[in-house]
Amino acid sequence: MLDNLKEFASEFFVTGDPLILGAQVSIALTMIAIVIVLTYFKKWRWLWTEWLTTVDHKKIGIMYIIASLLMLFRGGVDALLMRTQLAMPELNFLEAEHYNQIFTTHGVIMILFMAMPLMFGLFNIIVPLQIGARDVAYPFLNSMSFWLFFWGAMLFNMSFVIGGSPDAGWLAYPPLSELSHSPGVGQNFYIWGIQISGIGSLATGINFIVTILKMRAPGMRLMKMPMFSWSVLSSCISIIFAFPILTVTLFLLFLDRFLGAHFFTLDGGGNPMMYINLIWMWGHPEVYIVVLPAFGIFSEVVAAFSRKKLFGYASMVFAMIAISVAAFFTWAHHFFTMGSGANVNAFFAVTTMIIAIPTGVKVFNWLFTMFRGKIQFTTPMMWAIAFIPCFVVGGMTGVLLSVAPADFQFHNSYFLIAHFHQVLIGGVVFGYFAGLYYWWPKMFGFKLNEHLGKWAFWFWNIGFYVCFMPQYLLGLMGMTRRINVYDFDMGWQPLNVVSTIGAFLMGIAFLFQVWQIAHSIKFHKKDTTGDSWGVGRTLEWSIPSPAPVYNFATIPVADERDWWWEEKERREQGIQPKAIPLEPIHMPKNSAIPFIKSLCWFTAGFGFVFNWLWIAIPGLIGVAICMLVRSFQYDTDYYIQVDEIKRTEAALRGAN
Amino acid sequence: MTYDTESPYHELLDEEMKSVRPIKRYLVPLLFVLVVALLSGCSDQIIVLDPKGPIGESQKDLIYIATILCLIVVVPVIVLTGIFAWRYRDKPGNNATYKPNWSHNTKLETIWWGIPVLIIIALGIVTVSYTYKLEPSKPLVSEKKPITIQVTSLDWKWLFKYPEQGIATVNYAYIPEDTPVRFQLTADSPMNSFWIPQLGGQIYAMSGMAMTLFLQADEPGEYYGSGANFTGRDFAQMTFKVHATSDAEFNDWVKEVKSSSPALTEEGYAKLAEPGSAEKQAFSSFPAGLFESIVTKYAPGGTHHQHGSADMGMPQPPDPGKQQQTASTADNHMAHSSAGH
C-alpha cells in the first residue's frame, strides 16, 4: 500500500530537479503564509465578500492586473532561465526536456496569462468610466470571465509541479502534441488550461462590445468616443471571431488525445497542417487583439501629456478597424515555408504588408499629436515615446518577414524571435505599462513614485535593446529557435551573452517596479482631485479616484471628444455645468456562482487532464448545478438610494 | 496663427534642425563606428547575408531591397520622434508654438496615407515577382543535370539518401558544386524545416508528402544546416554540414562510401528511426523504395495529402530523363491547388 502510494506520488508530482523542488517548497510556503495572514487578520470574510464574489468591474479589473503581474513574474523567470542556458554553448544548466517545457510555458503564459489579463484588467477598470457607464453590460458574466481565466491559469501553472509541463511549443503543433509524441499529461494541462480561460476571454469580448455599443453616456456618439474605448471595441470584435476558432481547434486536439480521433494525427487520415492553419487563424488575430488596446492607450497618453487634441481622430478609428479586419487574412504568413505554392504565398505576403499601412498612419498621427504640444515627461508619456521607435523598427522587421521568399531565410530563426518580442514588448508591454502608470491613480487614488518609475523605465528600455538587437544578428547567423545547446564553432556565443545580459537588465527593471509599487503604497500622497495628472481629457477623470461603486452619481451629457478637457475650460471661464437631479442607482448584486462554477470547471479540467472521470464528471455536474441555480435566481439587483449617494459623494468630494 | 494649415513642416525643420545639430554631430559617427565594428567582427559568420548559391543570393538581394524600402519611412519617423520630443518639451523658456486644438490637416494625412501605400505597392510588386521566381520546387537553370537527394527528418537526426548513387548518410551530406540539387523532403517524425542558410531558404519536411527544394552551391565549402521547426527533445542535435566539392571529389567520396560503409537495411532503418540523437554515419546502400515507403506509410491512398509544391504521394523515380517532367507536374499541382483555394 505504502509502496503504491510512493509510486503514485513520484509520477503525480514532478520530481528529481532541484529547481522544481525549490519551486514546490516556495509555493507551499507561500500558500501557508497566505492562509496564516488571512486568518490572523481575520480577513477571510472580507476576501470573500469584497473580492471573490464581487461583480464590480473596477475590482475585477484590479484582480486581473494582480494575476497578470504574478504571471509576468513567472514568465519572466522562465525567460531568464532560458537566457542563462543559452549564454554558453553546450551548457548543461537546463536539460533538453526542461528547456522545452520552459519555452513552451513562457510563450503560453506571456500571451494568454499575462498580456490578455493585463489587457482585460485595463478594459474593466477604464472602459465603463470612460464612456460614462455604471458597470459593464453583464456584470455577472464579467465575474465569470475573470474566474474562468483565473482557474484556467491555475490549472496550466499547476503542471509545473504536478504531472509535468507541456513541452511542444506555445502553439502545440501536432503531431508533436499528439499522444504519439507527447504521451504525458503536460499537453492535457495545456488544452484544458487554455480552453477554460479562453471561454472567459470570449465572454469578455461579447461583454465589452455590448457595453460600448449600448451603455455610452448620452450625447457620446461613436465618433465622439475616446480612442481607448474605440481600440477596445476593435479588439473585442476580433476576439469574438478569433476565439471560437481556438476553442474548436483545442477541442479537436482533445478528441484526438482523449478519444483517439484522427483530426490532426499522421495516421488515420488526419492532417497536422489543418491544425496549423486553424491555430494561426486564431493566433494571428490574437496578436492584434493584444496590440490594438495598446494603440488606444498611446492615443490617450500622448494626447493627455502633449496637452493637445489627438491628431487625425477619424484616421485613427479607420486604421484600427482596418487592422482588426485585415488581421483575419494574414494567418498563412506564419508558414510560408510549408510549401503552399507561389499563389498562396504571394496573396498572404501582400495582405500582411497591407497591415503596415494603417499602422504607419497611426504612428504619424501620434507624432503630430506631439507636434506643437506641450510635452510633459511623466512615466506614462516616456513609455509612449519609447514605444514609437521600438515599434517602428519591430514593424519594419515584420514587413521583412512578410516578404515570403525572404521569410524562407528568417523563418523560425532568432530574427523572428527578435521581431515578435520587439512588437510584443515594444508595443504591447510598453503600452500596457503606459496605461497602468497613467490610470493607476484612477484605480487606487494615488500615483506611483515617478522617480523609481523612471529607473524602471530606463532599465526596461536599455535591457530590451541589449537583449533583442543581438538576436536579429543571431538569426542572420543561422541560429534557430527552441534549441537549448549550440556548437561553439558557430560564433553565436558573444551575442548570446550580450542578449542574456539584456534579459537580466529587464529582470532588474521588474524589481524596480515591484519596489516602486511597494514604496508608493507606503509613502503615497492621496489624490483629492480625481484628475490626478491634471491633464485628463476624458470622462474617467471627472469623477473621484478611486471611483465610487456606482462610478457616476449623475451621468453627464458627453457630446464632445475631449469632454472633460472642454468642461474644465468652461469651468475656468465660470460656466458651471447644469445640475442633474440625483436618482436612485440600479446596481447588480454580488454572486458566488462565478467563483464556484469556475472552480467546478477547474475540477473537471483537472479530471480530464489525468483521465480521471471520477473527478471530471462531478466537476461537470457542479457546473450544471451552478447554471441551474443561477437560472432560478431572481434577486440579482438592488438600488442605491439618493441619500446614500449624497453621503458618499460628500465624503469623496468633501476633500476638494 | 494662419500658417498652421499651410506648411507646418518647413518652418518646423528650420527651427528644429538648429537645436539638435550638436547632438547629431557626435551621435551619428559614433553609431556608424559601432555598427561597422560589430559587423566587421563577425561578418563572415552572418551566413544569411553571405550566400554561396543562386537562391541564397536572390534572397539576400530581396532582403536588402525590402530593408531599404522600409527605411524610407522608418528613419524619418525615428528622427521626428526625437525632434518633436525635444522641441516641444514642457520646460520654462521653451517658446515653441503650442496649438492645443490643432488636430486635423487633410494634406498632411493624405501624405502619410499615401507614402506607405506607394511603398507597399512597390514592395508588393517586388515580393510577388520574387515569390514566383524563387518558388522552391522550381528547377534551377543550369547546364548540368540536377542530382537528387532524398532527405528524411527523423527523431532527432537527418537521413540523406542519394538514389542515383545508391548511398545514404546521416547528419552530413556531400554535393557537387555548381550543380543544382533537388532535395526531396519528408519526415518520419513531427514536421521539421530543412535549412541550409548559405545555399538558400528553408522548406518544411512533413510526413506523408515529399516536398521539393532546389538549391545549388556556387563554390566549394562547408555549409551549416539545421532543422528549424521544433520536433521534440533532442531537436537541438539536428545540425549537419553540407560539403560542396568538385565533381571529382564528390565522385571519390561516393566511391569511398560505397566501398567502406555498411549497408542500411530495413531493420537498420527501423533502429535509426527510433527516438534519439545520432553521430554522423554513412551507408553503402539502402533498401529500394525506402523513401517512397516512408512517404506513403502516412498517406493512405496516396492522394490524400495533396499539397502545393510537393510532389504528391509517390515521388518520381530518380530517372534523370524524367526530371523536367516531374518539375512541371509539381507546378501544375501547385497551380491547381491554389486555384482550388
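Colleague: How many residue pairs are in polar contact between domain 1 of chain A and domain 2 of chain A?

Modeller: Five residue pairs, counting those with both residues at pLDDT 80 or more. Keep in mind that this is a predicted model.

Colleague: OK, and which helices make up the domain 1 side of that contact?

Modeller: In chain A, H3 (44-52), H6 (139-158), H7 (186-214) and H8 (227-259) each supply at least two residues of the side of domain 1 that touches domain 2. H6(A) has the largest share there, with nine residues.

Colleague: What classes of residue are on that side of domain 1 of chain A?

Modeller: There are 17 nonpolar, six polar and two charged residues on the side of domain 1 of chain A that touches domain 2 of chain A.

Colleague: Back up a bit. Where are the two domains in chain A?

Modeller: Domain 1 of chain A covers 43-591 + 636-653, and domain 2 of chain A is 592-635. Their C-alpha centres lie 28 Å apart. The contact takes 25 residues from domain 1 of chain A and 20 residues from domain 2 of chain A.

Colleague: How much area do those domains bury between them?

Modeller: About 2300 Å², with 77% of it on carbon and sulfur atoms. On the domain 1 side of chain A, A:Phe140, A:Trp151 and A:Thr636 supply 27% of the area buried against domain 2, more than any other three residues.

Colleague: Which side chains meet in a salt bridge there?

Modeller: A:Lys589 and A:Asp635, at 2.9 Å from N to O. The rule finds one salt bridge across that domain interface.

Colleague: New topic, the two chains. How many residues does each of chain A and chain B put into the contact?

Modeller: Chain A gives 95 residues and chain B gives 97 residues. The area buried between chain A and chain B is about 8200 Å², and carbon and sulfur atoms give 71% of that.

Colleague: And how many salt bridges does the rule find between chain A and chain B?

Modeller: One. The side chains of A:Arg307 and B:Asp90 meet in a salt bridge at 2.3 Å, N to O. As for polar contacts, the count between the chains is 24 residue pairs, both residues at pLDDT 80 or more.

Colleague: Which helix gives the most to the side of chain A that touches chain B?

Modeller: H11(A), with 19 residues. Other helices of chain A each supply at least two residues of that side, including H5 (96-131), H9 (272-305) and H15 (450-476).

Colleague: How do the residues on that side of chain A divide up?

Modeller: Into 56 nonpolar, 28 polar and eleven charged, on the side of chain A that touches chain B.

Notes
Residues numbered from 1 in each chain as written. Chains lettered and ligands numbered in written order. Predicted model: local features only at pLDDT ≥ 70, side-chain atom pairs only at ≥ 80, totals over all residues. Heavy atoms only, no water. Domains from an automatic or database assignment. Contact = heavy atoms within 4.5 Å. Buried area = accessible area lost by both parts, 1.4 Å probe. Salt bridge = Lys/Arg side-chain N within 4 Å of Asp/Glu carboxyl O. Polar contact = N/O pair within 3.5 Å; in protein donor to acceptor, adjacent residues only side chain to side chain. Helix = DSSP H or I, 4+ residues; strand = E, 2+ residues; numbered from the N terminus. Nonpolar A, V, L, I, M, F, W, Y, C, P; charged D, E, K, R; others polar.
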